[in-house]
Amino acid sequence: MSILVNKDTKVIVQGFTGKEGSFHAEQCMAYGTKIVGGVTPGKGGQEHLGQPVFNTVSDAVASTGATVSMIFVPPAFVADAVMEAADAGIELAVIITEGAPVKDMMYAKAYATKKNMMTIGPNCPGIITADECKIGIMPGFIFKKGSVGLISKSGTLTYESANQVVKEGFGITTAVGIGGDPIIGLSYKQLLPMFEADPETKAIVMIGEIGGDLEIQAAEFIKHNITKPVVAFIAGQTAPKGKRMGHAGAIISGSAGTAQEKMAALEAAGVKVVVSPADIGKAVAEVMGK
Amino acid sequence: MNIHEYQAKELFKKYNVPTPRGHIAFTPDEAVKAAQELGGNIWVVKAQIHAGGRGLGGGVKLAKSTSEVRELASQILGMQLVTHQTGPEGKLVQKVYIEEGADIKKEYYLGMVLDRASEMPIMMASTEGGMEIEEVAHKSPEKIIKVAIDPLTGFQGFHGRKLAFGLGLAVEEINTFIKFASALYKVYMDHDAEMIEINPLIKTGDGKFLALDAKMGFDNNALYRQSQVNEMRDLSEEEPTEIEAGKYGLSYIKLDGDVGCMVNGAGLAMGTMDTINYEGGKPANFLDVGGGASAETVAKGFEIILKDPNVKAIFVNIFGGIVRCDRVANGILEATKLTKVDVPVIVRLDGTNAAEAADILNNAGISNIVAATDLADGARKAVAAAKGA
């Protein structure tokens, strides 16, 4: 078991024939992901990486039965691509592209929600169900199959945590990189109940960072709805106020959105919060009773 | 990206958001000329820097004659203006805005920002004009009225009424206020703004609303389609090392510790700073070198980190994902040939071919490069090296 995606998930790639799209689609296929085609307007009818290319997402869905789209188009075209996917009946769009304008994402997400399409990202590493399906840019080999679910705003911290969890002798069910932009798709609050319901997931690791209040909402949610142990790390305890730390959303505005505030809320909700990210693996071992 | 008050007011004027009249001046002569052109007998001389709290810092002064305008402009131009937002070293004032005096009957606060919870822009108003809004939010949150505006339908009359009645405006003032607020919403949306702050918004003796101050910040991801805003960028207001880093696709922020950090990925970069802190050290910077971590970017990273004389050791923490660690290790060695690095460098590489990478570093025979086995080990070694230096 896993959440959202598995070995049978049919995936198309928007921006299939571009440099990034090609490279990562190939890596995903090598991992075992069922990439059943891609979309590049004007290149419909061609073949790329042994799969059909379509002019529109609608054509791709009609012909392949894909339910998930992995989006690699340039930032200026992200909103258009997301809305096209939603319009074509895609169930989940995984938006890898970095640098999409906030206003565009505001429109795109509102439209996706109206069409009942879930989104992950933008500006994220994607989603991976260990040994089954990788939809994104993460190094697949780190994610050995196991019993820990992972939700993270940061790409490299996802790899770091997964690596530690695996080194402690556990593995990953599904890892989701939700991205660090101000407007993102699925977040902790939507993903936590999925892991709670997944019989294979025994513990959950959540990686947050400064800015916004998604982690505070998550803490509130965990307190009332999650029975599985949760380990958390919040990046940016040493970040100065008012400075954007790489991710568009990682900024302490005034006194809101600090790591300390989030850590306290999570601790109060019974979450095992680690101060150093080097202790994530050990904390997982601890909550798993090893 | 932020712009100056006078630039924000230029954008306001184009959208019929009323502001007092004013002119920008770079010299005392220009300041006097600006005052003469504006006419009247009272002017405000306002320092233009990207920071709030200018008035309290002595950067905003009232002049009652053109000779006083000259005197004040000479004082303010060239001063290092210190406010609660500039840091103790302050910011150099290179231009002043000369504005006509206004007849202030009452001061309000009006602002716009993206509300991440509702995923919509919100407009906020308060009767506590002139005060720090953070402070108002903390002490008396009930005095801030907020409306979320759905971008699909835009600003509606009810948004304006909710704010206006909340502010306790008189019935005959409401339409004027709604016109103001609705125009402001358009300024925000049309320019991909991420923040507008008017503090204070004033009501004049004759019942008009004027933006007495104006602050605007923009979504960097949207600057490619905002040429007018782009032209307003004032590089002299930004940290030179941060600008230089940006040119090479690096994201750098200077901090006040002594352990330099070079990391791939923003989250891991913050996490590395936190680990250094946890191990008893102080990070000297945030630096995200991005996914690739090639010899050129690493060399540039070293160069930027070493511009800070406080740096006593550098911790390079790279989680090689799809990029192979042995390649990164060779890149680091090459980088030390491109840039002179005379402090200890602790390198932690994890991911594909991590063991080979450690061998490459250890066998290179460079005395100040030390390989670390994991994040905690690397942070400990870097903190110890900084303390021993």
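Modeller: Before we look at single residues, a residue counts as buried when its relative accessible area is under 20%. The model before you is a predicted one, and every value I give is computed from it.

Colleague: Why is S161(A) called buried?

Modeller: Its relative accessible area is 0%, and the cut-off for buried is under 20%, so S161(A) falls within the class. This serine lies in helix α5 of chain A, which covers residues 155–167, and, once its neighbours within four places in sequence are left aside, S161(A) is in contact with L150(A), I207(A) and I280(A).

Colleague: What makes I49(B) buried, and where is this residue found?

Modeller: I49(B) is found in the loop between β3 and β4 of chain B, and with a relative accessible area of 4%, set against a limit of under 20%, it is therefore buried. Leaving aside neighbours within four places in sequence, its contacts include H4(B), R54(B), L81(B) and E237(B). The C-alpha atoms of I49(B) and E5(B) are separated by 8.2 Å, although the two residues stand 44 residues apart along the chain.

Colleague: What makes helix α1 of chain B mostly covered?

Modeller: This helix runs over residues 5–14, and 7 of its 10 residues are buried, namely E5(B), Y6(B), Q7(B), A8(B), K9(B), L11(B) and F12(B). Just after α1(B), N16(B) takes a positive phi of about 60 degrees. For chain B as a whole, which has 389 residues, buried residues make up 54%.

Colleague: How do you know that C133(A) is in no disulfide?

Modeller: A disulfide needs two cysteine sulfur atoms within 2.5 Å, whereas the cysteine sulfur nearest to that of C133(A), which belongs to C28(A), is 7.8 Å away; the condition is therefore not met. The search of the whole structure likewise finds 0 disulfides over all chains. C133(A) also counts as buried, at 1% relative accessibility.

Colleague: Why is the sulfur of C261(B) too far from another cysteine sulfur for a bond?

Modeller: The closest cysteine sulfur is in C325(B), and 18 Å lies between the two, so the separation fails the requirement of 2.5 Å. C261(B) is buried as well, because its relative accessibility is 1%, which is under the 20% limit.

Colleague: Why are helices α5 and α6 of chain B called oblique?

Modeller: The axes of α5(B) (residues 157–166) and α6(B) (residues 171–190) come within 9 Å and cross at roughly 125 degrees. That angle is neither in the range from 65 to 115 degrees, which would be roughly perpendicular, nor over 145, which would be roughly antiparallel, so the pair is left in the oblique class. The crossing is right-handed, and the contact is made by residues including G157(B), G160(B) and L163(B) of α5(B), together with I174(B), F177(B) and I178(B) of α6(B).

Colleague: What makes helices α11 and α12 of chain B roughly parallel to each other?

Modeller: Helix α11(B) (residues 325–338) and helix α12(B) (residues 354–363) pack at an angle of about 20 degrees, with axes 7 Å apart, and since angles under 35 degrees count as roughly parallel, the two helices are given that name. Their crossing is right-handed. Among the residues that make the contact are C325(B), A329(B) and L333(B) of α11(B), and A357(B), I360(B) and L361(B) of α12(B).

Colleague: Why do β2 and β4 of chain B each have one side left without a neighbour in the sheet?

Modeller: The sheet is open, and its 4 strands follow the order β2-β7-β3-β4 in chain B, with antiparallel pairing. β2 (22–25) and β4 (60–63) stand at the edges with a single partner strand each, so one side of each has no neighbour in the sheet. From one strand to the next, the twist averages 20 degrees.

Colleague: How do you know that β2(B) pairs with β7(B)?

Modeller: At least two bridges are needed for a pair, and 4 bridges join β2(B) to β7(B) (residues 96–100), so the requirement is satisfied. One of the residues involved is A25(B), whose bridge partner in β7(B) is V96(B). Helix α3(B) (residues 66–76) packs on the sheet and touches β3, β4 and β7 of chain B, its direction making about 165 degrees with that of β4(B). Helix α2(B) (residues 28–38) lies across β2, β3 and β7 of chain B, running at about 170 degrees to β2(B).

How values were computed: Residues are numbered from 1 along each chain as its sequence is written. Chains are lettered from A and ligands numbered from 1 in the order in which they are written. This is a predicted model: local features need pLDDT of at least 70, side-chain atom pairs count only at pLDDT 80 or more; totals for chains, interfaces and linings use all residues. Side-chain values use heavy atoms; hydrogens and water are left out. Axes are lines fitted to C-alpha atoms, for helices over the stretch in contact, and angles run from 0 to 180 degrees between N-to-C directions. Contact means heavy atoms within 4.5 Å. Buried means under 20% relative accessible area, exposed over 50%, partly exposed in between (1.4 Å probe, protein chains only). A crossing is left-handed if the near helix is turned anticlockwise from the far one by less than a right angle, and right-handed if clockwise.
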